[in-house]
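Hello,

Here is the structure I promised to pass on to you. Have a look at it first, and then read on for what turned up when I went through it.

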Amino acid sequence: MGDKAKRSFGTLVARHNAKGVLSAWQARYRSPLNNTVKVQRNFPPDRKADAERWLNEERELVEQYRAGERAWIPPSERTERKLVYKNPDGLTFGEYSDWYCRQLRNSRGEQLSPLTMGSHKAAIRDLDQTFGNSQLLASGRRISTDGSTRHRHRCPRTGCGVRR
């Protein structure tokens, strides 16, 4: 079993192999979007300082999210965005709308048909032309990429529901 080191934010767990030799450090904390989900990352046994540094950096990001200063994005998605987007920390409306369209599924969890996807993209196109390069958090409003929303607005032109 691993030795746990409880901190003010997150937990650092020493992982041992079957022979009892330290095999890894596991840094983890609870997702600010869903308290039942653990966010974790493993580090080699000689990289405990890196694990602590990662937890401290994640704590800063979570605090900024809770203060409404930025969106909180899971580390796995941040890594993906670094490969895909020009500026992974400052997500633009255009990047978010691309991501949103890729996430859309029908009631059976399948990808949308090309016709339906085209309708969604057409509804977003006008907004994308106006706001495509705008930073989503420029106004200081909190956004969420987990699907949870507080307000529902309807587009006056198409009548489509937009959650924010």
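In this predicted model, the buried residues of helix H4 pack against H3. Those buried residues are Met 117, Ala 123 and Ile 124. Helix H4 takes in residues 114–131, and at 1.5 Å a residue its 18 residues should span 26 Å; the C-alpha atoms at its ends are 24 Å apart, which agrees. You will also find a kink of about 35° in H4, centred on Arg 125.

On the other side of that packing is H3, which covers residues 93–103 and contains Glu 95. Is Glu 95 buried or exposed? Glu 95 counts as buried, because its relative accessibility is 12% and the cut-off for buried is under 20%. The C-alpha atom of Glu 95 is separated by 9.4 Å from that of Asp 128, although their positions lie 33 residues apart along the chain.

Stepping back to the whole chain, you should be able to pick out four helices and six strands. Starting at the N terminus, their order is β-β-β-β-α-α-α-α-β-β. The chain has 164 residues, and 34% of them count as buried. If you take the contacts between residues at least 6 apart in sequence, 38% of these join residues at least 24 apart. The exposed area of the chain is about 11,100 Å², with carbon and sulfur atoms supplying 48% of it.

Next, please turn to the charged pairs. How many salt bridges does the structure hold? There are three, and Asp 50 is a good place to begin. Asp 50 sits in helix H1, which runs over residues 48–66. One salt bridge joins Asp 50 to Arg 47, with 2.4 Å between the closest N and O atoms. Another joins Asp 50 to Arg 53, where the closest N and O atoms are 2.6 Å apart. Asp 50 and Arg 53 are separated by about one helical turn, because they are three residues apart in helix H1. Arg 47, Asp 50 and Arg 53 are thus linked in a network of salt bridges.

The members of this network differ in how they are covered: Asp 50 is buried, with a relative accessible area of 18%, while Arg 47 is partly exposed at 40% and Arg 53 is partly exposed at 44%.

Helix H1 also holds the pair Arg 59 and Glu 63, four residues apart, or about one turn of the helix. Their salt bridge has its closest N and O atoms 3.6 Å apart. An α-helix has 3.6 residues a turn, so residues three or four places apart point the same way. Both partners are partly exposed, Arg 59 with a relative accessible area of 23% and Glu 63 with 45%.

Finally, a look at the strands. Gln 26 lies in strand S3, residues 22–30, and is buried, with a relative accessible area of 6%. The side chain of Gln 26 makes a polar contact of 3.1 Å with the side chain of Arg 28. Which residues does Gln 26 touch once its neighbours within four places in sequence are left aside? Gln 26 is in contact with Thr 11, Leu 12, Val 13 and Arg 15, and also with Gln 40, Arg 41 and Asn 42.

Happy exploring, and do write back with any questions.

Best wishes

Definitions and conventions
Residues numbered from 1 in each chain as written. Predicted model: local features only at pLDDT ≥ 70, side-chain atom pairs only at ≥ 80, totals over all residues. Heavy atoms only, no water. Helix = DSSP H or I, 4+ residues; strand = E, 2+ residues; numbered from the N terminus. Buried < 20%, exposed > 50% of the residue type's maximum accessible area, 1.4 Å probe, protein only. Contact = heavy atoms within 4.5 Å. Areas by Shrake-Rupley, 256 points an atom, 1.4 Å probe, with all protein chains shown as cover. Polar contact = N/O pair within 3.5 Å; in protein donor to acceptor, adjacent residues only side chain to side chain. Expected span 1.5 Å × (residues − 1). Bend = angle between axes of the 7 residues up to and from the residue. Salt bridge = Lys/Arg side-chain N within 4 Å of Asp/Glu carboxyl O.
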